[in-house]
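This report covers the nonpolar core, one helix, the salt bridges and the empty spaces of a single protein chain. The sequence and structure come first.

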Amino acid sequence: MNFNNSMTTTTLFIITLASNSVSAENCTSVPVNPQGDTSKLQAALQQATNTGVELVLTGTYYITQDTKVYLRNDLKVDASDAQFLATEQLDGDMFSFDTHSTKSDECGGASAMANFEWSGGTFNMAKAKVSTVVPLPYKTPIGREGTKQTADAISVRGATSAGKSKLNELLIENIVFIGTENDTEPYYMAGGDSGILMTGALKAIIRNNSFFGVRDAAIYVSAGGVSGEYGDHFTLTNNYVERAYDGITSKRGADNIKMLSNIMHDVVVGLSIKRVYDGWTATNVNISNNSVSNSVRPISVERANDVVIDNNHIDNLGSVVADSLIPTNKYGQQYEGISLNGVQGSNLISNNIINGITQDGSREKDTTTWGIVLRPEDGRETTNVVIEDNSYSRLDKWVNRILL
């Protein structure tokens, strides 16, 4: 027996075991840039939140399955020089950053809330499978149907359905999302689902991002937890969206929402507060200084209190949206510039410019356009709305009040 060879083999075996143990649960090693090696991407991101150390990503990554990461400590990523390309095999999220009832407690995570920062990167979801819960699923091309209920480029879930809260402050900025094979296809030809999905952050800023062709919402934010108890103070600003079903939407009663200085073009719904569950109410909403053109419902607020809609510019109301000659509107066969639906408290609609179609006289005659609409929602009237200093052009009605 060769004693030296035996010792060497034993030593290597022990080192290998130790290495595998560290790799499986490592709370101290500095995360390493995979430099385009997709097989190392998930581990690098998990290591970044295990340690709270910033991760820089460069290179091109071909994503075939959900890159799932459990939030533990702070996660900070600079992907300015990276691009992420979905393959035809991707059925689900490209990246999901989740709060877990037990796994989020590892690496010292039990004693801390996590901040989330992501900057830069190009996310191409054009080839990805489409989720099962997108609007108008019958429009999804044959062969593109997925099996998952979520298929977002970046998905961040800050609270569990059982009520565990993990996500403190979130910042996502300077990303580019591409959802269609070319720059003329309507939203329903896009792959995936939404661009950014975020639920349950205690404070969030999503800014300076661009989206081109989105099957559902470019930016979808929501309260989280058992009854929406986590998630408010969301600021969504200076984003550009074209060819989407929803531009920017906030759901499930999140409070203190600001949608400021965004640009939308060719979107079914531009900027919205949407009711998902009966009785859940958003409070303190400010939608100001935005520009929306070629939209069925440029600004729409459902079941909210204390809403300010000021200094927005809406153009081409009544124009063709997503290649459809008729409006896709759950409220009827009309185009609505600004709609308040079941809104109460103290509300102001002021200094907005709402223009109908200016270049197609025949199209103008064939459509119904309302500048401002006040209607009931979820069994309650819209009340106490001040409407002042707005400008209207080429509309069938400036203001339409609908009662229960």
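**Nonpolar core**

In this predicted model, the largest nonpolar core holds 86 residues, and L57, F84, F97 and W118 have the most contacts inside it. Strand β18 gives this core its largest share, seven residues. In soluble globular proteins, nonpolar side chains tend to be buried together.

L57 can serve as an example of the surroundings of such a residue. With neighbours within four places in sequence left aside, L57 is in contact with N33, P34, L41, L45, V77, D78, A79, D81, A82, F84 and W118. Two of the residues with the most contacts inside the core, F84 and W118, therefore appear among the contacts of L57, where contact means heavy atoms within 4.5 Å.

**Helix α2 and its surroundings**

Helix α2 covers residues 41-51, and eight of its 11 residues are buried, so the helix is largely enclosed by the rest of the structure. The buried residues are L41, A44, L45, Q46, Q47, A48, T49 and N50. They pack against β1 (55-63), β2, β3 (75-86), β4 and β5 (114-119). L41 and L45 from this buried set are also among the contacts of L57. Just after α2, G52 takes a positive phi of about 80°.

**Salt bridges**

How many salt bridges does a search of the whole structure find? The search finds 19. Three of them are listed here.

| Salt bridge | N to O distance |
|---|---|
| K68 and D98 | 2.7 Å |
| R207 and E173 | 2.8 Å |
| R303 and D378 | 2.8 Å |

The side chains of K68 and D98 meet in a salt bridge. K68 lies in strand β2 (residues 67-70) and D98 in strand β4 (residues 95-98), so this pair ties together parts that are 30 residues apart in sequence. K68 counts as partly exposed, at 32% relative accessibility, whereas D98 counts as buried, at 11%. K68 and D98 also belong to a network of salt bridges that links D66, K68, D93, D98 and R157.

The second pair in the table is R207 with E173. R207 lies in strand β11 (residues 203-207) and E173 in strand β8 (residues 167-173), so parts that are 34 residues apart in sequence are tied together. R207 is partly exposed, with a relative accessible area of 29%, and E173 is buried, with a relative accessible area of 15%.

The third pair is R303 with D378. This pair links distant parts of the chain: R303 is in strand β18, and D378 is in the loop between β23 (369-375) and β24 (385-388), 75 residues apart. Here the arginine R303 counts as buried, at 15% relative accessibility, and D378 counts as partly exposed, at 23%.

**Pocket and cavity**

Rolling a probe the size of a water molecule over the atoms shows where empty space is left. The largest pocket contains about 550 Å³ of space. Of the 22 residues that line this pocket, R157, L197, T199, Y220 and R252 are the closest to its centre. The elements giving two or more residues to the lining are β10 (196-199) and β12 (210-222), and β12 supplies the largest share, three residues. By class, the lining of the largest pocket has six nonpolar, 11 polar and five charged residues. R157, listed here by the pocket centre, is also a member of the salt-bridge network described above.

The count of cavities of 30 Å³ or more comes to one, and about 30 Å³ of space lies in the largest cavity. Its lining consists of R252, G253, I273, K274, R275, W280, A282, E302 and R303. These residues divide into three nonpolar, one polar and five charged. β16 (263-274) and β18 (291-310) each supply at least two of them. R252 lines the largest cavity and is also listed for the largest pocket, while R303 lines the cavity and pairs with D378 in a salt bridge.

**V285 in strand β17**

V285 lies in strand β17 (residues 282-288) and counts as buried, at 1% relative accessibility. Apart from its neighbours within four places in sequence, V285 is in contact with I257, I273, N305, D306, V307 and V308. One of these contacts, I273, is also among the residues that line the largest cavity. V285 and V301 are 16 residues apart along the chain, and their C-alpha atoms are separated by 9.0 Å.

How values were computed:
Residues numbered from 1 in each chain as written. Predicted model: local features only at pLDDT ≥ 70, side-chain atom pairs only at ≥ 80, totals over all residues. Heavy atoms only, no water. 1 Å grid on protein atoms, 1.4 Å probe; cavity = no way out; pocket = protein on both sides within 12 Å on 5 of 7 lines; lining within 4 Å. Points joined across faces, edges and corners; volume = space filled by probe spheres on them. Helix = DSSP H or I, 4+ residues; strand = E, 2+ residues; numbered from the N terminus. Nonpolar A, V, L, I, M, F, W, Y, C, P; charged D, E, K, R; others polar. Core = buried A, V, L, I, M, F, W, Y, C linked by side-chain atoms within 4.5 Å. Buried < 20%, exposed > 50% of the residue type's maximum accessible area, 1.4 Å probe, protein only. Salt bridge = Lys/Arg side-chain N within 4 Å of Asp/Glu carboxyl O.
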